[in-house]
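User: I would like to go through this model with you, beginning with how its helices pack. Please keep the answers plain.

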Amino acid sequence: MFTNNHHEDFRHGKRREFIKNGVLLGTLTGIAGMNLLSGCSREGEEGISPAEDLMREHGVLRRITLIYDHCHVSLANGSSFPPDVLNNAALIIRNFVEDYHEKLEEDFLFPRFEKANHLPDLVRVLREQHSAGRTITGSIIDAAGKAEWTDDDKQKLSRLFEEFNRMYRPHAAREDTVLFPEIRNVFSENEYADLGEEFEKKENQLFGEKGFESVVEKVAGLEKQLQLYDLGQFTPAVS
Ligand SMILES: [Fe+2]
Ligand SMILES: [Fe+2]
């Protein structure tokens, strides 16, 4: 069991030595250990940079594109999927990706790049794609809410999945590899730190203290309903 001394040492930044000595992992069996773990995770979250924050949000977006792919293939081969899974996936895109993640980009990042006339063509296209994405998501939510789908509805949904994924895969990849690495060139060191706090504050306001984790849990639940959760299923049989 942990003693208070261990805890004090941990709190004073000796976490690495504990892990290296195998003490931490070897003894985390009781309630004290659980408290220690949750304290550790809170400490880590505060240190997340704005770019890392935005990139892990892209991970949520990518997981939903997998769900859309699955729905698209199911429509093509005539198999079914629960419509509420689609509705919930589209609502995560609306509430988390569009109204939170993209709003951060639009309110905090894009204006700064525009003012500095840095990557203006890229930022213009990114803004246009956010707008197109919102239109597509609106149509997916409308279609998902219908009691029954006609062949026309299914064709329309298939087109929407295709358009959404085709646009967002390069959109997120371009932000990850071109826009986000340039954030530090349009913000000072202090502004960059403030930006991280601002992002964290917004996330807490909208989704609670463990906002990101709760959204990831929701996505995992949808993946489980579609049998997409087991990551190992995507490993090819190579010999
Ligand atoms: Fe974006
Ligand atoms: Fe983004």
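**Helix packing and cores**

Analyst: In this predicted model, Met55, His58, Leu61, Arg62, Thr65, Tyr68, Asp69, Cys71, His72, Leu75 and Ala76 of H5 are in contact with Lys154, Leu157, Ser158, Phe161, Glu162, Phe164, Asn165, Tyr168, Arg169, Ala172 and Asp176 of H8. By class, the residues of this contact of H5 with H8 are 11 nonpolar, five polar and six charged.

User: At what angle do H5 and H8 pack, and how far apart are their axes?

Analyst: The angle is about 155°, and the axes are 9 Å apart. H5 is therefore roughly antiparallel to H8, as angles over 145 degrees are counted that way.

User: And the handedness where H5 passes H8: left or right?

Analyst: The crossing of H5 and H8 is left-handed.

User: Let us step back. How many helices and strands does the protein have?

Analyst: There are 11 helices and zero strands. Read from the N terminus, the order of elements is α-α-α-α-α-α-α-α-α-α-α.

User: What share of the residues is buried?

Analyst: Of the 239 residues in the protein, 21% are buried.

User: Among contacts with a separation of 6 or more, what percentage joins residues 24 or more positions apart?

Analyst: Such pairs account for 78% of those contacts.

User: Back to packing, then. How do H6 and H7 cross?

Analyst: H6 spans residues 83-115 and H7 spans residues 120-144; their axes come within 10 Å and cross at roughly 160°. The two helices are therefore roughly antiparallel to each other. Their crossing is left-handed. The contact of H6 with H7 comprises 12 nonpolar, four polar and seven charged residues.

User: What about H7 against H8?

Analyst: The axes of H7 and H8 come within 10 Å and cross at roughly 150°, which means that H7 is roughly antiparallel to H8. H7 passes H8 in a left-handed crossing. In their contact there are 13 nonpolar, four polar and five charged residues.

User: Now the interior. Which residues in the largest nonpolar core touch the most other members?

Analyst: They are Ile64, Ala89 and Ile92, in a core of 25 residues. Two or more residues of this core come from each of H5 (50-77), H6, H7, H8 (151-179) and H11 (211-225). The most come from H6, which gives eight residues.

User: What is Ile64 in contact with, leaving aside neighbours within four places in sequence?

Analyst: Ile64 is in contact with Ala89, Ile92, Ile93 and Val219. Apart from the largest core there is another one, of five residues, including Leu109, Phe110, Phe113 and Leu126.

User: Let me turn to single residues. Where is Arg94 found, and what does it touch beyond four places in sequence?

Analyst: Arg94 is in helix H6. Beyond four places in sequence, Arg94 touches Asp99, Thr137 and Ile141. The C-alpha atoms of Arg94 and Gly133 are 9.3 Å apart, while the two residues are 39 residues apart in sequence.

User: Why does Arg94 count as partly exposed?

Analyst: Arg94 counts as partly exposed because it has 17 C-beta neighbours inside 10 Å, whereas a buried residue needs 20 or more and an exposed one has 12 or fewer.

User: And Val216: where is it found, and how exposed is it?

Analyst: Val216 is in helix H11. With 17 other C-beta atoms within 10 Å, Val216 is partly exposed. Val216 and Glu57 are 159 residues apart in sequence, yet their C-alpha atoms are 9.3 Å apart.

User: One more topic, the backbone. What is the phi of Asn117?

Analyst: Phi of Asn117 is near 50°, a positive value in a residue other than glycine. Asn117 lies in the loop between H6 and H7. Asn117 is exposed, because only 8 other C-beta atoms lie within 10 Å.

User: And what is the phi of Gln227?

Analyst: Gln227 is not a glycine either, and its phi is positive, at about 55°. Gln227 lies in the segment after H11. Gln227 is exposed, with 10 other C-beta atoms within 10 Å.

Notes
Residues are numbered from 1 along each chain as its sequence is written. Chains are lettered from A and ligands numbered from 1 in the order in which they are written. This is a predicted model: local features need pLDDT of at least 70, side-chain atom pairs count only at pLDDT 80 or more; totals for chains, interfaces and linings use all residues. Axes are lines fitted to C-alpha atoms, for helices over the stretch in contact, and angles run from 0 to 180 degrees between N-to-C directions. Helices (H or I, at least four residues) and strands (E, at least two) are DSSP runs, numbered from the N terminus. Angles under 35 degrees count as roughly parallel, over 145 as roughly antiparallel, 65 to 115 as roughly perpendicular and the rest as oblique. A crossing is left-handed if the near helix is turned anticlockwise from the far one by less than a right angle, and right-handed if clockwise. Ala, Val, Leu, Ile, Met, Phe, Trp, Tyr, Cys and Pro count as nonpolar, Asp, Glu, Lys and Arg as charged, and the others, Gly among them, as polar. A nonpolar core is a set of buried Ala, Val, Leu, Ile, Met, Phe, Trp, Tyr and Cys residues joined through C-beta atoms within 7 Å. Two residues are in contact if their C-beta atoms, placed from the backbone, lie within 7 Å.
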